[in-house]
Amino acid sequence: MEAVELLLPDERVSVSCWGQAWAAKPPRSTTPTGAASTATPSTTPRSAPCNPPTIDALQAAGYTWRGIAVWHKPAARPHPGRLKQECESIVWGCAGAMDPGNKPVYLPGHFTGSQPRGANRQHITQKPLDMMRELVRIVPVDGTVLDPFTGVGTTGVAALMECRHFIGIEHSAKYANIARARLTEAIAA
Ligand SMILES: C[S@@+](CC[C@H](N)C(=O)[O-])C[C@H]1O[C@@H](n2cnc3c(N)ncnc32)[C@H](O)[C@@H]1O
């Protein structure tokens with residue numbers, strides 16, 4: 001794990017536990033330029049306070065917090081009398097200096113994409129593949145993307161399509177099997 005860059009696209013399990021884990025394991029597992037990001041919903045009552053703990057956890061673990069990007073989900077369901085929950089924030093940071101290299105990428109701070117629908121939706125919080133393809137580009141080509149909350153492997157498929165390596169962790173056997181199949185398909189393509 002010594003040369004792994006971190007990209008955490010999502011976390012809804014327990015921000016506090018996750019934060020403690022980060023704090024307990026400083027970014028030894030990242031290269032000096034390793035980047036980390038995680039998307040958290042910003043409008044639900046449960047997750048409204050997510051961003052400050054996420055930012056704190058990132059910094060407590062020794063990362064430099066760099067900023068917040070926005071994930072806009074146009075197809076989100078409207079609720080009568082409430083604000084539409086069509087926005088999540090992406091907290092991101094890095095370990096050490098960020099070297100843009102000889103061929104720097106210019107990435108947006110605002111992403112638009114809705115979750116897959118119908119047969120393409122295999123996980124309740126599945127991310128849009130096109131958005132993840134853009135997001136993983138913050139990790140250099142041939143770098144390694146680590147997703148400790150892999151779900152059905154969207155981040156991994158995106159990483160492979162963008163010529164990055166991938167390590168995924170998923171504790172549901174059902175989702176891990178789907179992720180494995182999707183990753184195998186992406187490798188074969
Ligand atoms: C938000 S989903 C990720 C969805 C993924 N981004 C995708 O597009 O498929 C988070 C996943 O983390 C898994 N998870 C939760 N706690 C975990 C843990 N401690 N270790 C590994 N996986 C965990 C859940 O089973 C769930 O599938």
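These legends walk through several close-up views of a predicted model of one chain.

**View 1. The whole chain, from end to end.** Start with the parts list: the chain holds five helices and seven strands. Follow the sequence and you meet them in the pattern β-α-β-α-β-β-β-α-β-α-β-α. The chain has 189 residues, and 35% of them are buried. If you look at contacts with a separation of 6 or more, 69% come from residues that sit 24 or more positions apart.

**View 2. The largest nonpolar core.** Here we zoom in on a set of 24 residues, the largest nonpolar core in the chain. Leu135, Val136, Val145 and Ala159 have the most contacts inside this core. Several elements chip in with at least two residues each: α2 (51–60), β4 (87–94), α3 (129–135), β6 (144–147) and α4 (154–161). As a bit of background, nonpolar side chains in soluble globular proteins tend to be buried together.

**View 3. Strand β6 and its partner β7.** Which way do the residues of β6 point? Thr144 and Leu146 go one way, while Val145 and Asp147 go the other, and all are buried. That fits the usual picture, since side chains in a regular strand alternate between the two faces of the sheet. Next door is β7, residues 165–168, which pairs with β6 in the parallel sense over four bridges. To find one spot where the two strands meet, look for aspartate 147, whose bridge partner in β7 is glycine 168. Add α4 to these two strands and you get a right-handed β-α-β unit.

**View 4. Helix α4 under its covers.** How many of the eight residues of α4 are buried? Seven are, and the helix is mostly covered. The buried ones are Thr154, Thr155, Gly156, Val157, Ala158, Ala159 and Leu160. Their cover includes α3, β6, β7 and α5 (173–188). Just after the helix comes cysteine 163, with a positive phi of about 65°.

**View 5. Two loop residues with a positive phi.** Cysteine 163 sits in the loop between α4 and β7, and its phi is positive although it is not a glycine. Why does cysteine 163 count as exposed? Because it has 12 C-beta neighbours inside 10 Å, and 12 or fewer is the cut-off for that label. Aspartate 142 belongs to the loop between α3 and β6. This residue is not a glycine either, yet its phi is positive, at about 75°. Aspartate 142 counts as exposed because it has 8 C-beta neighbours inside 10 Å.

**View 6. Alanine 76 in its loop.** Look between β3 (64–72) and β4 to find the loop that holds alanine 76. With 15 C-beta neighbours inside 10 Å, alanine 76 is classed as partly exposed. Leaving aside its neighbours within four places in sequence, its contacts are with Lys84, Gln85 and Glu86. Serine 114 is 38 residues away along the chain, but its C-alpha atom lies 7.4 Å from that of alanine 76.

**View 7. Where to read with care.** Across the chain the pLDDT averages 80, and 74% of the residues score at least 70. Residues 9–13 stay under 50, and the model gives them 19 contacts beyond four places in sequence. Residues 41–49 are also below 50, with 14 contacts in the model beyond near neighbours in sequence. Where pLDDT is low, the predicted coordinates should not be read in detail.

How values were computed. Residues are numbered from 1 along each chain as its sequence is written. A residue is buried if 20 or more other C-beta atoms lie within 10 Å of its own, exposed if 12 or fewer, and partly exposed in between; C-beta atoms are placed from the backbone. Two residues are in contact if their C-beta atoms, placed from the backbone, lie within 7 Å. A nonpolar core is a set of buried Ala, Val, Leu, Ile, Met, Phe, Trp, Tyr and Cys residues joined through C-beta atoms within 7 Å. Two strands pair if DSSP finds at least two bridges between them. A crossover is right-handed if, with the strands pointing away from the viewer, the path from the first strand over the helix to the second runs clockwise. pLDDT is the predictor's confidence in each residue, from 0 to 100.
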